[in-house]
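Please open the model in your viewer and keep the selection tool at hand. The tour moves from one strand and its partners to the pockets.

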Amino acid sequence: MPSWENNVRKVVPYTPGEQPRIRDIIKLNTNENPYPPSPAVQAALAQTDSELLRKYPDPAASLLVDAIAKQYGVSSDRVFVGVGSDDVLAMSFLTFFASGRPILFPDITYSFYDVWADLFRIPYETRALDENFRITSRDYFAENGGIIFPNPNAPTGVLKPLGEVEEIVSRNRDVVVIVDEAYIDFEDGEDGAIPADSALNLIDRYENLLVVQTFSKSRSLAGMRIGYAIGSKKLIRYLNDAKYSFNSYTMNQTAIAAGVAAVEDQAYFARCLGRIKATRRWTEDALRELGFSFQDSQSNFLFVTHERVPARELFAALREAKIIVRYFDKPRIDNYLRITIGTDEEMEKLIAFLKDYLGQ
Ligand code: PMP
């Protein structure tokens, strides 16, 4: 190896789900929303003229920050926005996990966490989910340098009740606890309201709690890249300090305009969520009848295993039939498929194929 290479920051990157270029596929592999964004988003995009593009965007993305703050009933100085929640999470790792002590997250979880930890040289330890894929709260009561977990967890879809989330936060007041709520809007309950188990319900009581959410799933804007964090003023100020030391213009004008339009169309948001939850219930029943089992999912995907046929085989057969789902060749979960909830029609096609393939 030439000597300069010894001094390169080497990382093993995260592997995103595939975005195949072929058109006539059923794409159930990256938890996108099957419905288009609110029509108000298209209208806002049509209005972004070249004058807006000529100038730098507002570095504070104030219009978007204000719209999110209004929607969630908090002041704007408690909202941070970024280029997808990946950007918000990466910035949070950089900002809050600087103690040198190991941070904690589950062994089966969003596989970007260990990548960011490695990138930023943050020591970490994982804690095993129990046999039903639940996060065991007491695993997080020991001394640590910070905590992060998704709720619902990915790729399992399992939701941790708010009381248990609070227990983890309240027993860890000396570190920052991040709850990654990429999928929380899909929790059963009133469509579009703040979900009962969202940690947003706790932010007024814990200065060390940061809740991260995204427009990618429930607001159908994965391609636009908008994520946000809500927390105490102090946490948000520290995040902004780090952001402005890294890249002031993370949010482009188009994303700001699209994001504002999306967050303001609450009725459309609620309607889409209602449809996806209904499709999830239908799909769960149909899969159960075919011999699949899974934990209750409160997300827009199901994490399923079949009583007889290995997941790896099903993954390949589905692919052959142009139905793309996600398979993780990892310990403990290599007999599971993660299937995104698509439209009714897409799920009917999935079930029809599986019925046929399984000979039922
Ligand atoms: N958190 C979790 C748990 C996820 O599954 C994802 C989607 N890959 C993200 C965060 C990031 O989503 P985005 O950057 O599109 O907001």
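Begin by selecting strand β7 (residues 209–214) and strand β8, which run antiparallel and are joined by four bridges; strands here are DSSP runs (E, at least two residues) and helices are DSSP runs too (H or I, at least four), numbered from the N terminus, and two strands pair if DSSP finds at least two bridges between them. This is a predicted model, in which local features need pLDDT of at least 70 and side-chain atom pairs count only at pLDDT 80 or more, while totals for chains, interfaces and linings use all residues. Residues are numbered from 1 along each chain as its sequence is written, and side-chain values use heavy atoms, with hydrogens and water left out.

Within this pair, select Val 211, which stands opposite Ile 230 in β8. Next add strand β2 (residues 79–82), which pairs with β8 in the antiparallel sense over four bridges, and find Phe 80 opposite Ala 229 in β8.

Now show the side chains of β8 (residues 227–230): Gly 227 and Ala 229 point one way, Tyr 228 and Ile 230 point the other way, and all are buried (under 20% relative accessible area, with a 1.4 Å probe and protein chains only). In a regular strand the side chains alternate between the two faces of the sheet.

For the next stop, select Gln 19, Lys 27, Leu 28, Glu 32, Asn 33, Pro 34, Thr 340, Ile 341, Gly 342 and Glu 346, which line the second largest pocket. A pocket is an open set of points on a 1 Å grid over the protein atoms alone, where a 1.4 Å probe fits, with protein on both sides within 12 Å along at least five of seven lines, and lining residues have an atom within 4 Å of a point.

Terms used
Buried < 20%, exposed > 50% of the residue type's maximum accessible area, 1.4 Å probe, protein only.
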